[in-house]
Amino acid sequence: MAIFLITIMALIVTTISQLQESSGEMEALDILSTRAFYAAESGAQAGLVDALNEGSSSCGDVEDRTLTFDEAGLKSCTAEIRCNPSGGAVVIRSEGACGSGAREAVRTVEVKAR
């Protein structure tokens with residue numbers, strides 16, 4: 001009977017340990033995802049500033065621009081900015097990326113301004 005109880009307790013402890021490890025991994029990926037979103041949003045804002053300074057129908061020097069962030073919250077994140085003129089407006093597409101390999105999060109923000 002004691003061996004049975006020890007085996008059951010070991011299974012419970014192993015299951016709880018695996019759940020906690022999985023939960024920690026999900027939390028880390030959620031944080032990376034949030035950071036990637038803010039990197040993409042920052043890139044879109046920087047692209048809008050550059051595009052609108054050139055005129056409302058021109059992309060200026062926005063095309064194929066990549067920002068690398070050194071600030072504490074976005075350290076090691078990048079934002080690739082693309083701009084397309086669209087009938088008197090500009091469409092800024094920014095792709096933020098944080099992390100690398102299996103632990104990489106990528107988010108995209110698209111903004112249209114006239």
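Tutor: Let's start with a term: a patch is made of residues with over 30% relative accessible area and no salt bridge, with nonpolar side chains joined within 5 Å. Keep in mind that we are looking at a predicted model.

Student: Thanks! What is the area of the nonpolar surface patch that includes F4?

Tutor: Happy to help. F4 sits in helix 1, which covers residues 2–54. The patch is made by M1, F4, L5, I8, M9, L11, I12 and I16, and its area is about 850 Å².

Student: Is F4 itself buried or exposed?

Tutor: The cut-off for exposed is over 50% relative accessible area. F4 has 52% relative accessibility, so F4 counts as exposed.

Student: Which residues form the aromatic pair, and how are their rings arranged?

Tutor: The structure holds one aromatic pair. Its members are F37 and Y38, with 5.3 Å centre to centre and 65° between the planes. Planes over 60 degrees apart count as edge-to-face, so the F37 and Y38 pair is edge-to-face.

Student: What are the relative accessible areas of F37 and Y38?

Tutor: Both rings belong to partly exposed residues. For F37 the value is 35%, and for Y38 it is 43%.

Student: Now to S33: which residue does its side chain join in a polar contact?

Tutor: S33 is also placed in helix 1, and at 16% relative accessibility S33 counts as buried. Leaving out residues up to four places away in sequence, S33 touches A105 and R107. The polar contact, at 2.8 Å, joins the side chain of S33 to that of R107.

Key:
Residues are numbered from 1 along each chain as its sequence is written. This is a predicted model: local features need pLDDT of at least 70, side-chain atom pairs count only at pLDDT 80 or more; totals for chains, interfaces and linings use all residues. Side-chain values use heavy atoms; hydrogens and water are left out. Patches are made of residues with over 30% relative accessible area and no salt bridge: like charges are joined within 9 Å, nonpolar side chains (Val, Leu, Ile, Met, Phe, Trp, Tyr) within 5 Å. Accessible areas come from the Shrake-Rupley method with a 1.4 Å probe; for residues, only the protein chains shown count as cover. A salt bridge is a side-chain nitrogen of Lys or Arg within 4 Å of a carboxyl oxygen of Asp or Glu. Helices (H or I, at least four residues) and strands (E, at least two) are DSSP runs, numbered from the N terminus. Buried means under 20% relative accessible area, exposed over 50%, partly exposed in between (1.4 Å probe, protein chains only). Rings of Phe, Tyr and Trp (its six-membered ring) pair if their centres lie within 6.5 Å; planes under 30 degrees apart count as stacked, over 60 as edge-to-face and the rest as tilted. A polar contact is a pair of N or O atoms within 3.5 Å; within protein, one must be able to donate a hydrogen and the other to accept it, and residues adjacent in sequence count only if both atoms are side-chain atoms. Contact means heavy atoms within 4.5 Å.
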